[in-house]
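Trainee: I have a structure open and I'm not sure how to start reading it. Could you walk me through it?

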Amino acid sequence: MSSFTLTVNGKKHTVDVDPDTPLLWVLRDSIGLTGTKYGCGQGYCGSCTVHVDGEAIRSCTMAIESLSDKKVTTIEGLSPNSSHPIQQAWIAHDVPQCGYCQSGQIMAAAALLSEKPDPNDEDINASMNLICRCGTYNRIREAVHVASENMRKKELGQKGGK
Amino acid sequence: MKPLTPHESASKHVSGEAVYIDDMLVNEQLLVGRVVYSPHAHARIKSFDFSEAKKIPGVHAVLSHKDIPGHNQMGPVVKDEFCLAQEKVICIGQAMFLIAAETEELCLEAERKIKVEYEILEPILTIEKALEENSLLGPPRKMNRGNPDEALKKAPHVITGRLYTGAQEHWYLETQVCLCVPGEGKEINVFSSTQHPSETQSLIAEVLGIAKNEVVVEVRRMGGAFGGKETQGNHAACWAALLCWATKRPVKIRLFRDDDQRITGKRHRFLSRYEVGFDEEGKILAAKYELNSDGGCATDLSFAIMERAMLHVDNAYFVPNISVVGKVCKTNLPSNTAFRGFGGPQGMAVAETVVDRIARSLGKDSAEIRQKNFYGLDANNVTHYGETVENNRLFLIYDQLMKSSDYWNRRKDVEAFNAKNEFFKKGLAVTPVKFGISFTTTFLNQAGALVNVYKDGTILVNHGGTEMGQGLHTKMQQVAAAEFGVRLNRVKVNATNTSKVPNTSATAASAGADLNGMAVKNAVDILKGRIAEAVAQIFTEKNPNPPTKKEDVIFQDDMILDMMHPERKIAFADAMPLMQLRQVSLSATGYYKTPNIGWDKEKGWGRPFHYFAFGMCVSEVLVDVLTGLHTLLRTDILHDVGDSLNPGIDLGQVEGGYIQGVGWCTTEEIKWDDKGNLLTHSPDTYKIPSVQDIPKDFRVELLENVPNPNTIRRSKAVAEPPLMLALSTWLAIKNAVSAVVDHEIEPEFSLPATNEVIVLSVEDLKKRSIQKRAPEFSPAK
């Protein structure tokens with residue numbers, strides 16, 4: 001057991017865990033943020049996706065010892081009141097069915113849009129290789145495009161207003 | 001289209017607030033539960049010793065079958081499934097011991113200290129071997145109509161063949177999970193990811209040897225189930241309950257993904273044989289089918305699944321003379337179980353293979369042969385089990401879809417492309433789905449509900465169905481709101497709980513909304529009757545001339561009013577406190593059983609289904625014949641859900657069901673080694689469709705203006721039928737493969753059509769083509 005300090009959703013947490021403990025379990029068991037889900041534990045399915053310094057990573061295979069001084073954002077910290085354009089588009093397009101993978105999908109999509117504000121289908125394919133067993137993929141794709149458009153509209157509006 | 005009513009949990013799903021069982025807050029008393037399972041497919045347990053495991057500090061219980069206070073059984077239908085192995089193990093993954101400890105690591109440490117001595121026995125691991133040794137889970141099932149032997153003799157053409165369809169892993173994102181919390185005395189509170197809380201309750205009561213009224217099972221939502229939690233959610237629940245009972249502390253078992261894949265059953269693989277006679281036009285005259293499924297090591301739902309396969313081996317086609325034999329093989333693999341479609345896909349794959357082969361052998365387009373064999377509207381409309389195909393939508397859907405998908409022009413384009421390209425071939429296929437709705441075990445077609453109205457005018461709906469992502473709770477919320485004539489946000493749907501609605505059937509057979517919707521309506525009707533009577537009195541007290549009659553009181557727009565005197569009205573919410581003052585009960589139970597169905601399993605004759613759901617799908621694929629890599633270029637679907645309760649949800653079910661079917665038909669291949677070890681036990685070896693695998697052009701529509709008689713708000717079931725639409729994708733791939741030899745030779749083909757299957761099929765076709773054209777150069781010589 002060692003002590004680790006990490007910033008999650010803007011708040012500092014100190015946890016006592018083994019150095020190789022995956023971030024997923026620190027988030028869920030030590031800090032109590034259960035929005036991030038266990039799907040496979042091997043970094044394949046993507047249900048556990050969170051942001052580390054703004055980048056989408058799979059928290060089930062990321063050891064806590066490699067995270068000192070990094071900023072972690074989870075689904076709970078993505079936006080106040082689910083106001084992120086991705087979350088809004090997800091609701092508007094009724095994307096989730098069982099919902100279990102969707103925190104991961106949303107975090108992956110949010111990271112994609114911050115890197116590529118106007119992704120095409122190939123970009124989505126390349127960066128959103130997460131499993132949704134309900135098969136909501138075409139809505140995920142649509143919702144990413146809509147969120148991207150809404151984000152750009154908002155940005156244009158803000159620029160125009162200045 | 002009706003305005004979109006989003007999933008009732010949508011805002012919680014996108015914020016991470018939706019609580020699944022693994023997310024539930026439990027105090028520090030919680031222990032981690034673990035199941036220790038057999039490493040051998042077939043062995044005698046000579047001895048075991050877990051005394052060392054028990055000594056580890058922090059390990060609170062290690063249990064074997066000897067520690068089960070009640071019955072060591074968790075078979076849902078037939079009692080042939082031990083909760084913990086006794087004397088023998090019969091598959092890899094069979095539960096042997098249970099451990100409860102303070103951490104996962106301690107559980108694993110304890111597991112390593114358990115010593116077991118085995119005597120290894122010979123396992124049966126294939127359908128072929130099981131058939132050879134007559135290893136069956138029960139007597140074969142039979143259905144028959146007409147005289148197929150005689151008709152086959154007279155038929156101008158006869159084809160024979162066999163079809164192998166593979167297993168499929170459910171891969172619900174939320175693995176099997178259960179949390180048990182002890183109550184006072186013998187009480188136990190169970191939070192289980194189960195499609196069948198009542199059965200979970202029963203089995204826990206039986207393994208613990210306590211009464212059912214001591215056990216409460218609750219499920220808010222599942223993170224996917226797809227049939228995999230219809231019976232096998234019970235397993236983790238029984239194990240967690242035993243550990244909870246032994247330790248008197250809360251215990252949670254959440255399976256690791258690899259363990260889940262190894263332990264749980266899958267979609268049944270089938271080896272089917274067929275002999276089919278047809279005329280020059282391609283009309284089927286007679287068919288003999290033999291369906292053999294791999295049931296695994298115990299019965300589970302295998303016979304109901306086989307029955308549904310046999311009931312769908314006709315799919316949408318009239319076969320005047322037919323015999324069907326179904327055998328469920330007993331092997332040393334985990335007991336196979338329900339999976340969306342429940343045998344239907346395996347039966348339909350045979351029907352579609354037959355029609356596809358007839359078309360190829362006659363040099364005709366398979367669409368033409370399909371249409372020719374559809375059940376008729378007035379004649380040729382009785383199935384091989386005696387049920388008339390009523391409200392047949394096949395022709396309506398076929399005509400619309402062939403037009404909207406531009407099938408015939410695209411067929412020409414595909415042929416032109418194939419004529420020009422040697423290494424890439426395109427394929428196109430249309431396939432129909434006709435799927436019977438109802439549990440074929442007739443008594444299961446019942447449901448209950450408990451509806452409470454509170455003094456502030458809010459409504460709490462309890463029903464027997466479970467939410468697994470299919471949107472059932474959303475639909476029940478809509479049904480209650482519509483029937484009460486109130487706005488949607490007055491209604492909340494409670495977590496499914498066996499103390500609220502008892503003795504329910506599994507949420508399965510796509511019938512969740514049909515059954516529970518009617519039960520909710522029934523409860524609402526009872527409440528409206530009581531409220532209407534009291535409100536009529538209230539109105540009459542104010543305006544006695546003429547008095548308001550209770551039958552004139554209606555509920556609409558969040559108001560209650562006298563339709564003969566619309567000025568007499570009261571807001572729904574304002575009326576509810578008055579109900580309490582007037583001593584009117586605002587709580588009612590509702591009940592429903594599906595009318596006019598009945599089915600003689602022994603004779604294979606009757607009316608098993610309340611109605612049929614129809615759909616059709618056109619798929620176009622591009623196949624790289626050198627690597628077997630295929631791309632879904634375009635998919636057009638037209639599906640019948642009656643008057644949709646929720647078009648957003650229903651379209652999502654059609655899209656998702658199709659994609660899941662594409663997985664079964666193309667990439668999801670399950671393999672075991674020769675010792676019975678599952679080789680494909682993780683997502684790195686088991687390929688589930690991902691976002692890049694969906695059709696490049698995906699057009700999904702619901703058939704419009706087709707109300708369904710005698711169902712809740714004229715709707716139809718949706719969950720399972722769309723999965724089978726994916727057979728068009730499978731046959732489009734086969735169509736591309738057979739283009740390699742200009743469709744002149746029937747390809748060897750199986751399901752799933754993996755890259756390997758495609759490449760081998762292409763190579764085989766090329767060889768046979770050479771043999772056919774120039775036998776003297778044949779490699780066989």
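Mentor: Let's go through confidence, then domains, then the contact between chains.

Trainee: How confident is the predictor in chain B?

Mentor: Start with the scores, as this is a predicted model. Chain B has an average pLDDT of 97, and 99% of its residues score at least 70. For the complex, the predictor gives an ipTM of 0.97 and a pTM of 0.97.

Trainee: Which domains is chain B divided into?

Mentor: Look at the residue ranges, as a domain can be written as two segments joined by a plus sign. In chain B, domain 1 covers 26-122 + 183-254, domain 2 covers 270-440 + 601-771, and domain 3 covers 446-593.

Trainee: How far apart are the C-alpha centres of domain 1 and domain 3 of chain B?

Mentor: They lie 40 Å apart. Contact is counted by residue pairs, with C-beta atoms within 7 Å. Here, domain 1 of chain B gives 17 residues to the contact and domain 3 of chain B gives 15. On the domain 1 side, α6 (197-208) and β11 (215-219) of chain B each supply at least two residues. That side has six nonpolar, six polar and five charged residues.

Trainee: And what does chain B use to touch chain A?

Mentor: Same approach: count residues, then see which elements carry them. Chain B puts in 43 residues and chain A 40. Both α1 (10-15) and α17 (647-665) of chain B supply at least two residues of chain B's side, and α17(B) has the largest share, with six residues. By type, chain B's side splits into 19 nonpolar, 17 polar and seven charged.

Conventions
Residues numbered from 1 in each chain as written. Chains lettered and ligands numbered in written order. Predicted model: local features only at pLDDT ≥ 70, side-chain atom pairs only at ≥ 80, totals over all residues. pLDDT = per-residue confidence, 0-100. Domains from an automatic or database assignment. Contact = placed C-beta atoms within 7 Å. Helix = DSSP H or I, 4+ residues; strand = E, 2+ residues; numbered from the N terminus. Nonpolar A, V, L, I, M, F, W, Y, C, P; charged D, E, K, R; others polar.
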